[in-house]
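Visitor: I would like to learn how to read a model of this kind, one feature after another. Where should we begin?

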Amino acid sequence: MFAFKNSRLILNKYLRFPLISERLYLLSEIGYNRSASVKSAVLTDFEKPLEIQDVKEKNLKKGEVRIKVHYCSVNTLDLNMVGGQGRVKPNLPFYPGYEVSGEVIEEQLPDDTENVISIGDKVVALCKNNFGGFSTQCIANGNDVWRVSTTDLERASVLADNYSLAMLGLFRRGKIKEKTTVLVTAGVGGLGLAAVDIAANVYKSKVIAVCSTDDKSELLRNKGAWSALTFEPKNLRTIVKDVTKNKGVDVV
């Protein structure tokens with residue numbers, strides 16, 4: 001279960017939605033009816049749990065898309081903002097929820113837009129400007145919304161942030177290819193698991209993943225890691241050399 005660093009706030013005290021996994025909360029069970037208000041998780045005090053409130057539905061601006069939220073991932077940005085620990089402390093009331101998957105129910109996109117989004121499309125989105133993903137519906141800029149072909153919107157809800165960032169690091173910066181040896185630290189975090197998945201299963205690289213405890217090694221191997229190591233700051237370099245027979249790794 002997620003907790004803030006100072007242990008004063010446990011996430012399940014913040015969000016009273018059914019827990020789907022360690023990262024996801026199902027929002028569609030609340031139900032959606034087009035009305036003047038939506039159900040949203042609202043932060044009114046940094047020392048108190050989130051509240052579920054009826055919030056007035058906002059009108060779309062030009063270039064925006066309204067999404068019926070099916071899933072919203074719980075990531076570091078949400079935790080930092082709700083805990084008041086981010087670089088920028090949000091003004092209250094604050095409506096968390098950054099990365100979502102769901103269905104388009106309204107759009108105000110210009111006719112000449114390159115990103116064609118239609119009502120009824122299954123999408124993933126980043127709510128960069130408004131947040132508000134922990135709601136029955138949210139609003140995102142059309143440039144931050146992408147159609148997906150999968151019907152598994154639970155898994156799709158982590159594609160836009162973690163998987164795109166992992167792809168950027170591995171492909172553009174790391175220039176990985178088949179048989180490249182990749183070391184992934186913090187392997188069981190959202191970004192780490194995405195990096196292991198992409199490197200091992202898309203690029204067919206040899207992945208060495210690092211986790212904090214032995215019991216998490218199986219998760220990394222199931223994701224495709226060739227080797228899973230327990231993190232030991234003083235000995236990690238030596239352990240990696242032993243595993244690779246002194247060849248080291250190509251990408252970290």
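Visitor: Which residues make a nonpolar surface patch of about 230 Å²?

Guide: First, a caution: this is a predicted model. The patch is made by Leu165, Leu168 and Leu191. Leu191 lies in helix H5, residues 190–202. With a relative accessible area of 36%, Leu191 is partly exposed, as the cut-off for buried is under 20% and for exposed over 50%.

Visitor: How many helices and strands does the protein have?

Guide: There are 7 helices and 11 strands. Of the 252 residues, 45% count as buried. The protein exposes about 14000 Å², and carbon and sulfur atoms supply 48% of that area. As for contacts between residues at least 6 apart in sequence, 66% join residues at least 24 apart.

Visitor: How should one read the buried residues of a helix, and which residues of helix H4 are buried?

Guide: The general idea comes from the helix repeat. An α-helix has 3.6 residues a turn, so residues three or four places apart point the same way. In H4, residues 159–173, the buried residues are Ala160, Asn162, Tyr163, Ala166 and Leu170.

Visitor: What do the buried residues of H4 pack against?

Guide: They pack against strands S5, S6 (122–126), S8 (145–147) and S9, and against helices H5 and H6. H4 is followed by Lys175, which has a positive phi, near 55°.

Visitor: S9 is on that list of partners. Is Thr181, placed in strand S9, buried or exposed?

Guide: S9 covers residues 181–184. Thr181 has 11% relative accessibility and therefore counts as buried. Leaving aside residues up to four places away in sequence, Thr181 touches Lys206, Ile208, Thr244, Gly248, Val249, Asp250 and Val251.

Visitor: Now the charged pairs. How many salt bridges does the count come to?

Guide: A salt bridge here needs a side-chain nitrogen of Lys or Arg within 4 Å of a carboxyl oxygen of Asp or Glu. The count comes to 5 by this rule. For each pair, look at the distance, then at the elements joined, then at the accessibility of the partners.

Visitor: Which residue forms a salt bridge with Lys39?

Guide: The partner is Asp54, and the closest N and O atoms are 3.2 Å apart. Asp54 is in strand S3 and Lys39 in strand S2, and this pair links distant parts of the chain, 15 residues apart. Lys39 has a relative accessible area of 36% and is partly exposed.

Visitor: Where do Glu106 and Arg66 lie, and why does the pair tie together separate parts of the sequence?

Guide: Their side chains meet in a salt bridge, with an N to O distance of 2.8 Å. Glu106 lies in strand S5 (residues 99–107) and Arg66 in strand S4, so the pair ties together parts that are 40 residues apart in sequence. Glu106 is buried at 18% relative accessible area, and Arg66 also counts as buried, at 2% relative accessibility.

Visitor: Which residue forms a salt bridge with Asp197?

Guide: That is Lys223, the closest N and O atoms being 3.9 Å apart. Because Lys223 lies in helix H6 (residues 217–223) and Asp197 in helix H5, the pair ties together parts that are 26 residues apart in sequence. Lys223 counts as partly exposed at 22% relative accessibility, whereas Asp197 counts as buried at 19%.

Visitor: Let us turn to pockets. What is the volume of the second largest pocket?

Guide: Its volume is about 460 Å³. The lining has 21 residues, and Lys58, Asn130, Phe131, Gly132 and Ile139 are the closest to the centre of the pocket.

Visitor: Which strands each supply at least two residues of the lining of that pocket?

Guide: They are S2 (37–42), S3 (51–56), S4 (64–73) and S7 (137–141). S7 gives the most to this lining, with 3 residues.

Visitor: Last, a loop residue. Where is the place of Phe134?

Guide: Phe134 is in the loop between S6 and S7. A loop position does not by itself settle accessibility, so the value has to be read: Phe134 is buried, with a relative accessible area of 2%. Phe134 and Val100 are 34 residues apart in sequence, while their C-alpha atoms are 8.5 Å apart in space.

Key:
Residues are numbered from 1 along each chain as its sequence is written. This is a predicted model: local features need pLDDT of at least 70, side-chain atom pairs count only at pLDDT 80 or more; totals for chains, interfaces and linings use all residues. Side-chain values use heavy atoms; hydrogens and water are left out. Helices (H or I, at least four residues) and strands (E, at least two) are DSSP runs, numbered from the N terminus. Buried means under 20% relative accessible area, exposed over 50%, partly exposed in between (1.4 Å probe, protein chains only). Contact means heavy atoms within 4.5 Å. Patches are made of residues with over 30% relative accessible area and no salt bridge: like charges are joined within 9 Å, nonpolar side chains (Val, Leu, Ile, Met, Phe, Trp, Tyr) within 5 Å. Accessible areas come from the Shrake-Rupley method with a 1.4 Å probe; for residues, only the protein chains shown count as cover. On a 1 Å grid over the protein atoms alone, a cavity is a set of points where a 1.4 Å probe fits but cannot get out, and a pocket is an open set with protein on both sides within 12 Å along at least five of seven lines; lining residues have an atom within 4 Å of a point. Grid points are joined across faces, edges and corners, and a volume is the space filled by probe spheres set on the points.
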